[in-house]
Amino acid sequence: MFSVSEHRLPCDALYSRISASGTKPLVGFGGRDASIHVYPFMGYARTAWLQGLSESVTALAFDPDQTSVVGGSDAGKLQMWDLGSEEVVRVFTRGHASTVTGIDVFRSGQFFATVSTDRILRIWDVRKSSGRQSYKDAAAPLCAVQFSPNGRWVATGCARGTVRLYDLVAGKIVHKFELHSGAITSLHFHPDLYYLVVGSGDGTVSVWDLDSFETRFHSSSQRTPIDAVRFSGTRLLATSDHNLRIFDMSNLSDHTAVSLEAPWIMMGDVAYAAATDEAWFVETAGSTAMKCKLSLRDTHRPAQETACAAAAPPASAPAPTSPSHRVWAATLNNSNPIFADARKKSVNGSQSSLMDSPARVTENSAAEKVPRAEMSAPSAETLPRPAGSFGGPSFPPTLAPPSTTGESELQMLQQLSSQHETVSATLQRRLNTLRVVRALWTQSQPKALVHVKRLYDDGHEFGPLFDLLTALQQHRVKEKMLTESIASVVDLVEIALTTDYEPLILLGLRTLRSVATTFRARMEEAQRRTRASQSTGHNDPLGWSQHQHVMEKLRNCCPIVFALAERCDSVGEEASAVLPDMPPPPRSQ
């Protein structure tokens with residue numbers, strides 16, 4: 001459904017912005033190298049390289065004609081560039097005292113507004129180097145800003161969750177909207193109606209009626225910050241971690257909203273092309289930029305999905321996944337010897353896997369018994385370590401080969417049958433445990449991880465842990481992992497690394513490396529946002545405390561990884577490969 005393209009930038013990007021053009025949009029990236037890199041949204045050839053600032057670029061905006069760009073830096077400096085010549089055309093004096101967090105250019109192109117962590121809103125005339133107006137009544141760092149379509153009002157959002165509406169003609173504040181508990185991350189005025197939509201770090205979206213200054217809609221929390229909000233025709237878009245929610249403006253409700261799984265982690269900006277009814281998205285992670293397009297004509301309401309499901313293929317066909325639900329997409333892997341005999345076809349020919357719905361699992365459980373009775377006994381090479389030592393997944397001990405002297409073929413068959421039934425029962429228990437974990441994962445990732453940890457604490461062996469870490473190797477599962485779940489995953493990895501079972505140690509190291517790599521991009525973005533809002537200490541809308549908690553967990557694993565890296569075997573090689581991705585170990589007191 002999403003059309004996705006990625007490319008490498010010349011430097012790490014801290015900010016991204018899409019221009020307002022509906023035909024040939026541009027996207028600008030504010031770089032850590034103190035410059036702005038401009039690319040066509042549909043292409044990869046750089047359009048302009050704008051230099052002149054001395055600090056990292058933390059905010060930027062295009063004029064409506066895409067002829068100039070205004071950029072702000074981490075030091076509070078502001079400049080304007082001409083896109084055609086790539087030259088600086090204006091340096092604005094008496095700017096901000098600290099990080100510029102938001103810029104918006106009015107649609108006439110003559111004025112623009114800026115906000116900063118210095119808690120000041122400034123209005124600028126592009127023809128003058130000094131500001132026209134400034135408003136200093138905010139009690140917390142400002143995070144977002146936007147002009148109303150008629151240019152009379154400007155809205156700002158601060159780190160304490162308050163939205164302020166200013167009348168530029170009267171030169172005073174009109175109203176304060178106080179509803180959110182987290183920092184305001186995004187604002188957007190409806191182009192035709194008197195509505196303002198607000199996205200917040202508390203995971204909720206609100207729509208305000210600007211005639212009565214009352215709330216028309218307040219969504220339920222998504223448990224992760226809202227990155228961007230946008231009115232798009234008759235719809236309202238709200239982006240968050242791996243999710244896009246589409247609300248119908250004629251019936252604003254959580255129940256009628258369409259929720260789509262999205263390829264991004266932290267969305268940088270969203271734009272709308274009315275001519276093609278498309279939404280455009282851009283995200284940056286380090287020096288990698290991802291641009292997405294989505295045709296909104298392809299989206300439909302849950303009621304329509306239900307009607308389509310009624311005409312869906314019969315139960316023997318794989319059931320389609322509704323976009324409104326996040327499903328753990330891990331399946332049993334035939335290439336893994338642990339699962340080689342566990343994934344068998346049922347009598348009707350359909351396959352059952354860990355990711356089958358609970359209903360399908362129940363229906364197929366009886367049918368699975370027949371093919372399992374026909375399985376050949378697994379060889380000792382395909383099974384993990386027996387349950388005799390507490391070092392690996394639990395499997396029955398392999399029986400010694402019977403002596404052929406004085407034993408009939410019937411006795412041999414009975415012994416093989418008994419051995420096979422024991423192995424099948426063990427595999428069945430493993431699959432049942434995985435299904436329980438899967439059911440918990442779809443409800444709450446932390447609950448699933450706590451359940452696996454509890455199995456270990458209660459004296460179970462490492463089978464469930466091995467199976468879970470195997471599932472976490474899948475790219476789709478890693479993408480969907482919530483930040484709040486990473487700390488628990490690292491706890492399970494630490495358990496795996498302290499065992500004496502080599503396959504589990506290797507699996508733990510691979511999981512640790514992938515988690516550390518995935519977490520790094522989220523960490524960098526959280527650092528930028530926290531610095532921009534300066535909200536730590538008052539509230540924690542951007543999850544900075546969660547990131548700090550995960551970083552502490554990763555540091556605690558460092559001594560174990562360093563010790564494993566000293567081994568002269570495959571474990572040592574894998575541990576050595578993990579070390580560059582790990583944070584430095586905690587300093588001894």
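This passage describes the overall make-up of a predicted protein model, the packing of three of its helices, and the surroundings of several single residues.

The protein contains 10 helices and 28 strands. Of its 589 residues, 53% count as buried. The accessible surface of the protein amounts to about 26,000 Å², and carbon and sulfur atoms account for 50% of that area. Contacts were also sorted by how far apart the two partners lie along the chain. Among contacts between residues at least 6 apart in sequence, 53% join residues at least 24 apart.

Helix packing was examined for helix H4, which spans residues 445-457, with helices H5 and H7 as its partners. Helix H7 covers residues 483-497, and its axis comes within 9 Å of the axis of H4. The two axes cross at roughly 20°. Since angles under 35 degrees count as roughly parallel, H4 and H7 are therefore roughly parallel to each other. The crossing in which H4 passes H7 is left-handed. On the H4 side, the contact is made by Gln445, Pro446, Leu449, Val452, Lys453 and Tyr456. On the H7 side, Glu484, Ser485, Ser488, Val489, Leu492 and Ile495 take part. Sorted by class, the contact of H4 with H7 comprises 7 nonpolar, 3 polar and 2 charged residues.

The second partner of H4 is helix H5, made up of residues 463-471. The axes of H4 and H5 are 9 Å apart, and the helices pack at an angle of about 150°. Angles over 145 degrees count as roughly antiparallel, and H4 and H5 are therefore roughly antiparallel to each other. In this contact, Leu449, Val452 and Leu455 of H4 meet Pro464, Leu465 and Leu468 of H5. By class, the contact of H4 with H5 has 6 nonpolar residues, with no polar and no charged ones. Leu449 and Val452 of H4 are thus listed in the contact with H7 and in the contact with H5. Helix H5 is mostly covered, with 9 of its 9 residues buried. Among them are Gly463, Asp467 and Thr470, as well as Phe466, Leu469 and Ala471. The H5 residues that meet H4, namely Pro464, Leu465 and Leu468, are likewise on the list of buried residues.

Single residues were then considered, beginning with two that differ in exposure. Asp125 lies in strand S12, which runs over residues 121-125. Asp125 counts as buried because its relative accessibility is 1%, and the limit for a buried residue is under 20%. Leaving aside neighbours within four places in sequence, Asp125 is in contact with Phe92, Gln110, Phe111 and Arg132. Asp125 and Gly109 are 16 residues apart in sequence, and their C-alpha atoms are 9.2 Å apart in space.

Arg297, by contrast, counts as exposed because its relative accessibility is 59%, and residues over 50% fall in that class. Arg297 is found in the loop between strand S28 (288-295) and helix H1 (302-310). When residues up to four places away in sequence are not counted, Arg297 touches Ala275, Thr276 and Asp277. The C-alpha atoms of Arg297 and Glu278 are separated by 7.9 Å, although these residues are 19 apart along the chain.

Arg555 belongs to the class between buried and exposed. With a relative accessible area of 31%, Arg555 is partly exposed. Arg555 lies in helix H9, which consists of residues 544-565. Pro583 is 28 residues away from Arg555 along the chain, and the C-alpha atoms of the two are separated by 6.0 Å.

Two loop residues were noted for their backbone angles. Gln66 is a residue other than glycine with a positive phi, near 60°. Gln66 is found in the loop between strand S6 (57-62) and strand S7 (68-73). The relative accessible area of Gln66 is 18%, so Gln66 is buried. His242 is not a glycine either, and has a positive phi of about 55°. The loop that holds His242 lies between strand S23 (235-240) and strand S24 (243-248). His242 counts as buried because its relative accessibility is 4%.

Technical notes: Residues are numbered from 1 along each chain as its sequence is written. This is a predicted model: local features need pLDDT of at least 70, side-chain atom pairs count only at pLDDT 80 or more; totals for chains, interfaces and linings use all residues. Side-chain values use heavy atoms; hydrogens and water are left out. Axes are lines fitted to C-alpha atoms, for helices over the stretch in contact, and angles run from 0 to 180 degrees between N-to-C directions. Helices (H or I, at least four residues) and strands (E, at least two) are DSSP runs, numbered from the N terminus. Angles under 35 degrees count as roughly parallel, over 145 as roughly antiparallel, 65 to 115 as roughly perpendicular and the rest as oblique. A crossing is left-handed if the near helix is turned anticlockwise from the far one by less than a right angle, and right-handed if clockwise. Contact means heavy atoms within 4.5 Å. Ala, Val, Leu, Ile, Met, Phe, Trp, Tyr, Cys and Pro count as nonpolar, Asp, Glu, Lys and Arg as charged, and the others, Gly among them, as polar. Buried means under 20% relative accessible area, exposed over 50%, partly exposed in between (1.4 Å probe, protein chains only). Accessible areas come from the Shrake-Rupley method with a 1.4 Å probe; for residues, only the protein chains shown count as cover.
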